[in-house]
Amino acid sequence: MLTIIIVSYNSAQTVLRCQSELLASARYPVIVVDNASSDGSADVLEKRFPDIRVMRMPQNLGYGRAANRGLAEVKTPYAFLLNPDLEATVVDVQAMLDFADRHADEASLFAPAVVGKDYQQCGAINRE
């Protein structure tokens, strides 16, 4: 099992466009760390996806500090930092989780791999 963490700053519409299917599935725990958005992003995401947890930061902490706040709340063996503008589906996340489970004794960090300026997914890369 893994927890998905999304750091958001005024990006509810981007999350809705790129990750609606994944979040609506409620298959994985999701933590959205809202970095003091001024456009109502936290409210929009909570209303649309009642199963996600929205952590509202009182000020914009920046990506790294906000990600660390979300990571501190993870209770699953894996965490997936998902940028709001990355398109991800249940199938994509499950494939990454399956890969991580098969290779858990070989690495501690897994990420989807992309190549080129067109950001076409090329699958996992194993660097030995």
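Q: Which strand is Ser 8 found in?
A: Keep in mind that we're looking at a predicted model here. Follow the chain from residue 2 to residue 8 and you've traced a strand that includes Ser 8. That strand is β1.

Q: Is Ser 8 buried or exposed?
A: The cut-off for burial is a relative accessible area under 20%. Ser 8 comes in at 0%, so there's no doubt about its class. Ser 8 is buried.

Q: Which side chain does the side chain of Ser 8 make a polar contact with?
A: A polar contact needs N or O atoms within 3.5 Å. For the side chain of Ser 8, a distance of 2.7 Å fits that bill. The partner is the side chain of Ser 11.

Q: Which residues does Ser 8 touch, not counting those up to four places away in sequence?
A: Part of the list is a run of the chain: Val 32, Val 33, Asp 34 and Asn 35. Val 33 also belongs to a nonpolar core of nine residues. Beyond that run, Ser 8 touches Ser 37, Ser 41 and Pro 84.

Q: How many helices and strands are there in the protein?
A: Read the elements from the N terminus and you get β-α-β-α-β-α-β-α-β-β. Counting the letters in that string settles it: four helices and six strands.

Q: What share of the contacts with a separation of 6 or more comes from residues 24 or more positions apart?
A: One pair gives a feel for how the chain comes back on itself: Ala 67 and Ser 8 are 59 residues apart in sequence, yet 9.7 Å apart in space, C-alpha to C-alpha. Over the whole protein, the share from residues 24 or more positions apart is 66%.

Q: What percentage of the protein's residues count as buried?
A: The chain has 128 residues to sort. Its exposed surface is about 7800 Å², with carbon and sulfur atoms supplying 50% of that. As for the residues that count as buried, they make up 40%.

Q: Which element gives the largest share of the largest nonpolar core?
A: This core has 23 residues, and Ile 4, Ile 6, Leu 22 and Leu 45 touch the most other members. At least two residues each come from β1, α1, β2, α2 and α4. The largest share is five residues, and it comes from α1.

Q: Which residues is Ile 4 in contact with, leaving aside its neighbours within four places in sequence?
A: One of them is Leu 22, which, like Ile 4, is among the core residues touching the most other members. A run from Tyr 28 through Pro 29 and Val 30 to Ile 31 is also on the list. To finish it off, Ile 4 is in contact with Phe 80 and Leu 82.

Q: Is Ala 67 buried or exposed?
A: Ala 67 lies in helix α3. Leaving aside neighbours within four places in sequence, Ala 67 is in contact with Val 7 and Leu 81. Its relative accessible area is 4%, and the cut-off is 20%, so Ala 67 is buried.

Q: Which residues form a nonpolar patch on the surface with Leu 71?
A: Leu 71 lies in helix α3 and is partly exposed, with a relative accessible area of 34%. The patch has about 240 Å² of accessible area in total. Its other members are Tyr 63 and Leu 81.

Q: Which residues do salt bridges that share partners join into one network?
A: Side chains of opposite charge can pair when their charged atoms come close. Arg 56 forms a salt bridge with Asp 43 at 2.7 Å, and another with Glu 46 at 2.5 Å. Arg 56 sits in strand β3 and Glu 46 in helix α2, ten residues apart. The network is made up of Asp 43, Glu 46 and Arg 56.

Q: Where in the chain are Glu 73 and Arg 53?
A: Their side chains meet in a salt bridge of 3.1 Å, N to O. Both are partly exposed, since Glu 73 has a relative accessible area of 28% and Arg 53 one of 38%. The two are 20 residues apart, with Glu 73 in the loop between α3 and β4, and Arg 53 in strand β3.

Technical notes
Residues are numbered from 1 along each chain as its sequence is written. This is a predicted model: local features need pLDDT of at least 70, side-chain atom pairs count only at pLDDT 80 or more; totals for chains, interfaces and linings use all residues. Side-chain values use heavy atoms; hydrogens and water are left out. Buried means under 20% relative accessible area, exposed over 50%, partly exposed in between (1.4 Å probe, protein chains only). A polar contact is a pair of N or O atoms within 3.5 Å; within protein, one must be able to donate a hydrogen and the other to accept it, and residues adjacent in sequence count only if both atoms are side-chain atoms. Contact means heavy atoms within 4.5 Å. Accessible areas come from the Shrake-Rupley method with a 1.4 Å probe; for residues, only the protein chains shown count as cover. A nonpolar core is a set of buried Ala, Val, Leu, Ile, Met, Phe, Trp, Tyr and Cys residues joined through side-chain atoms within 4.5 Å. Patches are made of residues with over 30% relative accessible area and no salt bridge: like charges are joined within 9 Å, nonpolar side chains (Val, Leu, Ile, Met, Phe, Trp, Tyr) within 5 Å. A salt bridge is a side-chain nitrogen of Lys or Arg within 4 Å of a carboxyl oxygen of Asp or Glu.
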